[in-house]
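Colleague: I would like to go through this structure with you. Shall we begin with the interior and then turn to specific side chains?

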Amino acid sequence: MKDQVLQQIANVLSLTYSKVTSPGLMTGKMGLALFFYEYSRYTGNQYYETLGDELVDIILEKNNLPGLDLNIGITGICLGVEYLIEKGFVSGEPAEVLSDYDDLIFKNIADAKWFLSKADDSFFSSGLYFLIRCKDMHRKEQLAAIEQLLNSCKTLLEEEYCRTLVLYNSMLYFLNKLSALVDSGINLQPFFDKVIQCIEHSIHNGLYDKMDIELLDILLSDALRKGFVCQFNPKLIIDKEDIGEVQHFIKDTWQQLLYRDKFLKKNVSLENVNCFLKEVLYNYDPSELVLKRGIAGLGLGILKNLNQFT
């Protein structure tokens, strides 16, 4: 049955991808391209690889790429390209293919606001991008970028505006991974403490869903293993309305993509998938086609976690 579901998703996306105008990873064409490449490999059908190639060409040929954020902007697009190279879908070395984009991103990496989406659920885009790309950087370049990223992190954590747990989880993940890269002279604990304060404010204001809390629990456990001292108050958490099994599955898919770790491994039932697809076919809303909350995310999740489809 999963093959029928995947074929239906592929059919819908191949007929409607022009409705998605953003070039971005999470809410645009790059997310669709990832699905087409993965589906082409799964089926052996070259047509879908050609669609992926076409979308990537369109994205990279645009003269005015929007912003630097991960949802619709350059960091997300570059992470998508790096993923495609890593998985062997396109040829080239990331350091060469992404050279111009790396220069632009790291030139502006100290300015936190450049990397925030207008959407409520922004990510610490510059930090996540650095974690993926730092393997191609010299140590001196790494340390310079880390210094700027920590300043950027401080700026975001000191602002009065309270943001969603999605952002603060991404910052917590960044600090956890950064702890293995920094010299002993760099104390990350004050940044960690401030992230925890912001997380508590975000929870107090209800800016989270159940899955954000599940991810937070995993990240806090990882932080303790890495030697951080944590004083988080779990009593602040209250039950919230569930976003639903399909959206849980989709969210787990893009978290695996961004964080390069398998976190929650959510299952999804055929019955709920069919209900979701019927709704998408009825509405034909572009927001229901993309990676972040749509059928591209659902299809990519099924392809990458075939044993989680029940």
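Colleague: Which residues line the largest cavity?

Modeller: The lining of the largest cavity consists of Val166, Asn169, Asp212, Leu215, Lys251, Trp254, Gln255 and Tyr259. Please keep in mind that this is a predicted model.

Colleague: What volume does the largest cavity have?

Modeller: Its volume is about 30 Å³. The count of cavities of 30 Å³ or more comes to 1.

Colleague: Which helices each supply at least two residues of that lining?

Modeller: Helix 9, helix 11 (210-225) and helix 12 (245-259) each do so. The largest share is that of helix 12, with 4 residues.

Colleague: And how do the lining residues divide by chemical character?

Modeller: They divide into 4 nonpolar, 2 polar and 2 charged residues.

Colleague: Let us stay with Asn169 for a moment. Where is it placed?

Modeller: Asn169 lies in helix 9, which covers residues 165-178.

Colleague: Is Asn169 buried or exposed?

Modeller: Asn169 counts as buried because its relative accessibility is 1%, and the limit for that class is under 20%.

Colleague: What does Asn169 touch, not counting residues up to four places away in sequence?

Modeller: Asn169 contacts Asp212, Leu215, Leu216, Leu219 and Tyr259. Among the residues lining the largest cavity are Asp212, Leu215 and Tyr259.

Colleague: A change of topic: how many salt bridges does a search of the whole structure find?

Modeller: The search finds 8 salt bridges. One pair is Arg133 and Asp102, whose closest N and O atoms are 2.7 Å apart. This pair links distant parts of the chain, with Arg133 in helix 7 (residues 125-133) and Asp102 in helix 6 (residues 99-107), 31 residues apart.

Colleague: Are Arg133 and Asp102 buried or exposed?

Modeller: Arg133 is buried, with a relative accessible area of 2%. Asp102 also counts as buried, at 11% relative accessibility.

Colleague: What about the side chains of Glu159 and Arg163?

Modeller: They meet in a salt bridge, with an N to O distance of 2.5 Å. Glu159 is buried because its relative accessible area is 18%, and Arg163 counts as buried at 14%.

Colleague: How far apart are Asp222 and Arg225 in helix 11?

Modeller: Asp222 and Arg225 are 3 residues apart in helix 11, so about one helical turn separates them. Their side chains meet in a salt bridge at 3.5 Å, N to O.

Colleague: And is each partner buried or exposed?

Modeller: Asp222 is buried, with a relative accessible area of 18%, whereas Arg225 is exposed at 63%.

Colleague: Which residues do salt bridges with shared partners join into one network?

Modeller: That network consists of Asp102, Arg133 and Asp136.

Colleague: Finally, the cysteines. How many disulfides does a search of the whole structure find?

Modeller: The search finds 0 disulfides. For Cys153, which is in no disulfide, the nearest cysteine sulfur is that of Cys198, 8.8 Å away. A disulfide would require sulfur atoms within 2.5 Å, so this pair does not qualify.

Colleague: Where is the nearest cysteine sulfur for Cys230?

Modeller: The nearest is that of Cys198, 14 Å away, and Cys230 is in no disulfide.

Colleague: How accessible are Cys153 and Cys230?

Modeller: Cys153 is buried, with a relative accessible area of 0%. Cys230 counts as partly exposed, at 26% relative accessibility.

How values were computed. Residues numbered from 1 in each chain as written. Predicted model: local features only at pLDDT ≥ 70, side-chain atom pairs only at ≥ 80, totals over all residues. Heavy atoms only, no water. Buried < 20%, exposed > 50% of the residue type's maximum accessible area, 1.4 Å probe, protein only. Contact = heavy atoms within 4.5 Å. 1 Å grid on protein atoms, 1.4 Å probe; cavity = no way out; pocket = protein on both sides within 12 Å on 5 of 7 lines; lining within 4 Å. Points joined across faces, edges and corners; volume = space filled by probe spheres on them. Nonpolar A, V, L, I, M, F, W, Y, C, P; charged D, E, K, R; others polar. Salt bridge = Lys/Arg side-chain N within 4 Å of Asp/Glu carboxyl O.
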